[in-house]
Amino acid sequence: MKKLLFTIAACFVAVMASAQPMGGRPPMGGRPPMGGPMGGMEKPFYELESDSIANARIQDVAGRLDLTEKQLDKMVKLYAQEFEEICRNLQMSVREFQMMQNGGFRGRGNMMGGMQTTPTNVQFDTAAAKKTYDQIIAKYEKRYKKALNDDQYALWQDMAGTKLDNKFSSILQHVQDNTESMF
């Protein structure tokens, strides 16, 4: 009986010890800092999703646009880049909002000087995020126009369901849902 209790206690201690982070510091929400790959850590959610989203969207319209193999590859690449850039910028805005909502940076003993330590009545700057979003959309529209011929581009313009320009609120919500607060 003593052996059994000792074995159970040893297993319990081993499980508890392995559950503690090294160095005594709590993990940052289990995700890499700033949602990026740091020292071999996992990629941000949008980098993991971008290729499959782009491939599905462009494959869906490839027949209607009569894309060549080269155009298909270029459009998938552009669409993935556009999605990643939009999400990265929106995530930066969301993290900035989270930081401001939680009183800014907090250094050791709050030695960051001048930064507030209590949450303030800040609101997410949707207009600024939308402006950046629209700039990214415009930049990629120019790239799509170069990748397609005039007839294909005209068709592409009419296919609103495939483009990211009318999806601001849903992409913003997706980014907010997948961005854990670091503060």
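Asp150, Asp151 and Asp158 are exposed on one side of helix 5, in what is a predicted model. The helix itself covers residues 150-158, and its buried residues are Gln152, Tyr153 and Trp156. Viewed down the axis of helix 5, these buried residues fall within an arc of 100 degrees, so they line one face of the helix. The spacing fits a general rule: an α-helix has 3.6 residues a turn, so residues three or four places apart point the same way. The three exposed aspartates lie on the other side from that buried face.

The buried residues of helix 5 have three packing partners: helix 2 (45-65), helix 3 (69-101) and helix 4 (126-147). At the N-terminal end of helix 5, Asn149 acts as the cap, with a side-chain oxygen 3.1 Å from the backbone nitrogen of Asp151. Asp151 is also one of the exposed residues of helix 5.

Helix 2, one of those partners, has 21 residues. From its first C-alpha to its last it reaches 29 Å, close to the 30 Å expected at 1.5 Å a residue. Helix 2 nevertheless contains a kink of about 30 degrees, centred on Gln59. Its buried residues are Phe45, Tyr46, Ser50, Ala54, Ile58, Val61, Ala62 and Leu65. Among them, Ile58 directly precedes the residue on which the kink is centred.

What do the buried residues of helix 2 pack against? Their partners are helix 3, helix 5 and helix 6 (168-177). Helix 3 is also among the elements that the buried residues of helix 5 pack against. After helix 2 comes Asp66, which has a positive phi, near 55 degrees.

How values were computed:
Residues are numbered from 1 along each chain as its sequence is written. This is a predicted model: local features need pLDDT of at least 70, side-chain atom pairs count only at pLDDT 80 or more; totals for chains, interfaces and linings use all residues. Side-chain values use heavy atoms; hydrogens and water are left out. Buried means under 20% relative accessible area, exposed over 50%, partly exposed in between (1.4 Å probe, protein chains only). Helices (H or I, at least four residues) and strands (E, at least two) are DSSP runs, numbered from the N terminus. The arc is that of the directions from the helix axis to the C-beta atoms. Contact means heavy atoms within 4.5 Å. A polar contact is a pair of N or O atoms within 3.5 Å; within protein, one must be able to donate a hydrogen and the other to accept it, and residues adjacent in sequence count only if both atoms are side-chain atoms. The expected span of a helix is 1.5 Å times one less than its number of residues. The bend at a residue is the angle between axes fitted to the seven residues ending there and the seven starting there.
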